[in-house]
Amino acid sequence: MTSTSMPPGLARFNALEEHAAFTALHEACASTAWAKRLLAARPYATPEALYAASDAAMADLTAEDLAEAMAGHPPIGRPKPGDPTSAREQRGMAGASDELKAEMLELNLAYQEKFGHVFLICATGRTGEQMRDAVRERIGNTPEREREIVRTELGKINRIRLARLVEED
């Protein structure tokens with residue numbers, strides 16, 4: 001690919017009918033506001049332009065929009081059955097010991113009790129132990145601090161998912 005050519009997946013995304021493009025974006029992130037903002041800015045000349053639009057939309061999400069986005073994510077250690085994206089992203093927990101899985105379940109429940117939503121982390125490339133350590137560390141945060149960490153983690157997840165969308169042949 002030359003620097004001026006558009007990846008086939010991005011060209012395909014730009015050409016999608018509006019409903020199909022919205023569906024593709026909503027699969028990447030369950031926030032309707034985020035998906036609508038990215039949809040409104042099409043077409044994208046480069047993947048980087050799409051990622052920048054995603055980051056800007058993420059920065060502007062309200063607490064309600066973030067809650068909607070988080071509702072689309074299963075707890076760490078319990079990927080959605082039949083969802084290859086969820087299973088791929090949480091691969092680090094797949095080979096975890098029963099003890100670690102039980103501990104993550106307890107930590108997830110304690111986190112959800114404190115913050116009112118699932119523990120969200122960009123799990124891609126992380127081991128089960130790293131995710132456990134992250135929830136242990138973050139459970140001590142204030143709700144305000146945690147909301148901003150979640151926003152950052154969600155942004156990372158969205159970039160990975162958008163990259164997968166635009167780089168497909």
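**Exercise 1. Find the buried residues of helix α2 and work out how they sit around the axis.**

Step 1. Start with burial: A21, A24, L25 and A28 are the buried residues in α2. Here, buried means under 20% relative accessible area, exposed means over 50%, and partly exposed is in between, using a 1.4 Å probe and protein chains only. Helices are DSSP runs of H or I with at least four residues, numbered from the N terminus.

Step 2. Next, the geometry. These residues share one side of α2 because they cover an arc of only 95 degrees around the axis. The arc is taken over the directions from the helix axis to the C-beta atoms.

Step 3. Flip the helix over: the face turned away from the buried side carries the exposed residues H19 and E27.

Step 4. Now the cover. The buried residues of α2 are covered by elements including α1, α3 and α10, with contact meaning heavy atoms within 4.5 Å.

Step 5. Finish at the start of α2, where a side-chain oxygen of E17 comes to within 2.7 Å of the backbone nitrogen of H19.

A word on the input: this is a predicted model, where local features need pLDDT of at least 70, side-chain atom pairs count only at pLDDT 80 or more, and totals for chains, interfaces and linings use all residues. Residues are numbered from 1 along each chain as its sequence is written, and side-chain values use heavy atoms, with hydrogens and water left out.

**Exercise 2. Do the same for helix α5, then zoom in on M70.**

Step 1. Helix α5 spans residues 63-70, and its buried residues are D65, L66, A69 and M70.

Step 2. They lie on the same side of α5, because their arc around the axis is only 135 degrees.

Step 3. Among the elements covering them are α3 (32-40), α4 (47-59) and α10.

Step 4. Take M70 itself: it counts as buried because its relative accessibility is 7%. Skipping neighbours within four places in sequence, M70 is in contact with H117, V118, L120 and V150. For V118, the C-alpha to C-alpha distance from M70 is 7.0 Å, although 48 residues separate the two in sequence.

**Exercise 3. Which side chains do R151 and R138 pair with in polar contacts?**

Step 1. Fix the criterion. A polar contact is a pair of N or O atoms within 3.5 Å; within protein, one must be able to donate a hydrogen and the other to accept it, and residues adjacent in sequence count only if both atoms are side-chain atoms.

Step 2. R151 is in helix α10 and counts as buried, since its relative accessibility is 13%. Its side chain is joined to that of E148 by a polar contact of 3.1 Å. Beyond its neighbours within four places, R151 is in contact with M58, A59, D60, L61 and L66.

Step 3. R138 belongs to helix α9 (residues 128-138). With a relative accessible area of 6%, R138 is buried too. The partner here is the side chain of E146, at 2.4 Å. Outside the four-place window, the contacts of R138 include Y111, F115, F119 and E153.

**Exercise 4. Describe the largest pocket: its volume, its lining and the helices that supply it.**

Step 1. Set up the search. On a 1 Å grid over the protein atoms alone, a pocket is an open set of points where a 1.4 Å probe fits, with protein on both sides within 12 Å along at least five of seven lines; lining residues have an atom within 4 Å of a point. Grid points are joined across faces, edges and corners, and the volume is the space filled by probe spheres set on the points.

Step 2. The largest pocket comes out at about 650 Å³.

Step 3. Its lining holds 34 residues, with E27, A28, T85, E89 and R161 nearest the centre.

Step 4. Sort by helix: α1 (8-15), α2 (18-28), α6 (84-89) and α10 (143-167) each supply at least two lining residues. The most come from α10, which gives 5.

Step 5. Sort by chemistry: 17 are nonpolar, 8 polar and 9 charged. In this count, Ala, Val, Leu, Ile, Met, Phe, Trp, Tyr, Cys and Pro are nonpolar, Asp, Glu, Lys and Arg are charged, and the others, Gly among them, are polar.

**Exercise 5. Where is the cis peptide bond next to P43, and in which loop does P43 lie?**

Step 1. Check omega: the bond from R42 to P43 is cis, with omega near 0 degrees.

Step 2. Place the residue: P43 sits in the loop between α3 and α4.
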